[in-house]
Each structure stands twice: as C-alpha cells, then as structure tokens.
Amino acid sequence: MSIKGQKARELFEQGYNCAQAVAGAFADEMGLPLETVVRMVSGFGGGMGRLREVCGAFSGAVFVMSVLYGYDDAAANEEKMRLYADIQGLAASFRKQNGSLICRELLETRASAATASGHNPLCGDMVESAAALTETFLKEHPPG
C-alpha cells in the first residue's frame, strides 16, 4: 500500500470527502496547511457537489497536480500542454484501475452503501487509488 494512499484513506475514514482526502494527503508537498487544502476542495466531493459527475478522488488528484505543476502565465502554452498531458495520463491510469472517472458509474459497479450523510465507504478504494497514482507520478516526476 502506498503511504499517500493510506493517508488519504485515513482522512476519508475521518469524515473528509473523497476530494479532501486525496488533496489533504499531499498538503505538506503543496506547502499548505491541511485546513486550507480541505476547504479549497470541499465542493469537489461526491463527484462535484454530490452531482456524481467527475470522481471527487480524481478531482483531488487534479488539484494536487495543478498546485505542484501548474502555470500562472496565460501565454504558457508549453506548460499548459504538459500539465494537460500529465493529467490525461493520470486519468487513463485511474480509469484502468477503477473502470471509470465518473462517480455514478463507479458507484453503480459497487453496491451502494452511502450513509445518511452521503459518505460512501466504498469510495475509500477510489481515494486510495487516486492518492497512490499521484504519489507515483510525483516520485517519477519530482516537482521543481
């Protein structure tokens, strides 16, 4: 098990949503306090505000990639294309491991066990997967 995957699962089991758990696992790498990170991604849980669209765990990973590899110059076309390609590669790996990037599709393939708060314990697998894939990417491509 990956260290970040385990950390993300722990955060998820504490009650953070899927996006918060993944992004929160990388708070130190992003140089941000956990409280700031989880606030910034709080609306991405449940597939974007519980709309069950793009998986929140994957959205948390995209947030991490954006903070660590993003660009701030509107004319930075090369950096933009590299970031998009890296996210597309991460998406392909996540889709291969889990079957989809879409929250409702991921949940349809698993028995729905959502609690009254909407916190689905089955999402722990996606949280762990997204964090582990992001961790691997960071090891292979150290930000700098």
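At what angle do helix H2 and helix H5 pack, and how far apart are their axes? In this predicted model, H2 (residues 18-25) and H5 (residues 56-69) pack at an angle of about 35 degrees, and their axes lie 7 Å apart. Let's start with that pair after a quick look at the whole fold.

**The overall fold**

The protein has eight helices and zero strands, so the pattern read along the sequence is α-α-α-α-α-α-α-α. Its radius of gyration is 14 Å, close to the 15 Å that the globule rule gives for 144 residues, so the protein is as compact as a globular protein of that length. Taken along the principal axes, the C-alpha atoms fill a box of roughly 45 × 30 × 30 Å. Of the 144 residues, 44% are buried. Among contacts with a separation of 6 or more, 63% come from residues 24 or more positions apart.

**How H2 meets H5**

Two packed helices are described by the angle between their axes and the distance between the axes. To the angle of about 35 degrees and the distance of 7 Å we can add the handedness: H2 passes H5 in a right-handed crossing. On the H2 side, the residues involved are Cys 18, Ala 19, Val 22 and Ala 23, and they meet Gly 56, Ala 57, Gly 60, Ala 61, Phe 63 and Val 64 in H5. The residues of this contact divide into eight nonpolar, two polar and no charged.

**Salt bridges**

Side chains of opposite charge can pair when their charged atoms come close. The structure holds six salt bridges, and the table gives some of them.

| Salt bridge | Closest N to O distance |
|---|---|
| Lys 4 with Glu 29 | 2.8 Å |
| Arg 9 with Asp 125 | 2.7 Å |
| Lys 139 with Glu 135 | 3.7 Å |

Take Lys 4 and Glu 29, whose closest N and O atoms are 2.8 Å apart. Lys 4 lies in helix H1 (residues 3-13) and Glu 29 in helix H3 (residues 27-30), so this pair ties together parts that are 25 residues apart in sequence. Lys 4 is buried, with a relative accessible area of 13%, while Glu 29 is partly exposed at 36%.

Arg 9 forms its salt bridge with Asp 125 at 2.7 Å. That pair links distant parts of the chain, with Arg 9 in helix H1 and Asp 125 in helix H8 (residues 123-140), 116 residues apart. Asp 125 has a relative accessible area of 42%, which makes it partly exposed.

The salt bridge of Lys 139 with Glu 135 sits within one helix: the two residues are four apart in H8, and are therefore separated by about one helical turn. Is each partner buried or exposed? Lys 139 is exposed at 62% relative accessible area, whereas Glu 135 is buried at 9%. Elsewhere, salt bridges that share partners join Arg 9, Asp 125 and Glu 128 into one network.

**Two arginines with positive phi**

Most residues other than glycine have a negative phi. Which value does phi take at Arg 50? The angle is near 65 degrees, a positive value in a residue other than glycine. Arg 50 is found in the loop between helix H4 (34-40) and H5, and it is exposed, with a relative accessible area of 55%. Arg 52 has a positive phi of about 60 degrees, although it is not a glycine. Arg 52 also has its place in the loop between H4 and H5, and at 31% relative accessibility it counts as partly exposed.

Methods: Residues are numbered from 1 along each chain as its sequence is written. This is a predicted model: local features need pLDDT of at least 70, side-chain atom pairs count only at pLDDT 80 or more; totals for chains, interfaces and linings use all residues. Side-chain values use heavy atoms; hydrogens and water are left out. Axes are lines fitted to C-alpha atoms, for helices over the stretch in contact, and angles run from 0 to 180 degrees between N-to-C directions. A crossing is left-handed if the near helix is turned anticlockwise from the far one by less than a right angle, and right-handed if clockwise. Contact means heavy atoms within 4.5 Å. Ala, Val, Leu, Ile, Met, Phe, Trp, Tyr, Cys and Pro count as nonpolar, Asp, Glu, Lys and Arg as charged, and the others, Gly among them, as polar. A salt bridge is a side-chain nitrogen of Lys or Arg within 4 Å of a carboxyl oxygen of Asp or Glu. Buried means under 20% relative accessible area, exposed over 50%, partly exposed in between (1.4 Å probe, protein chains only). The radius of gyration is taken over C-alpha atoms; the globule rule is 2.2 Å times the number of residues to the power 0.38.
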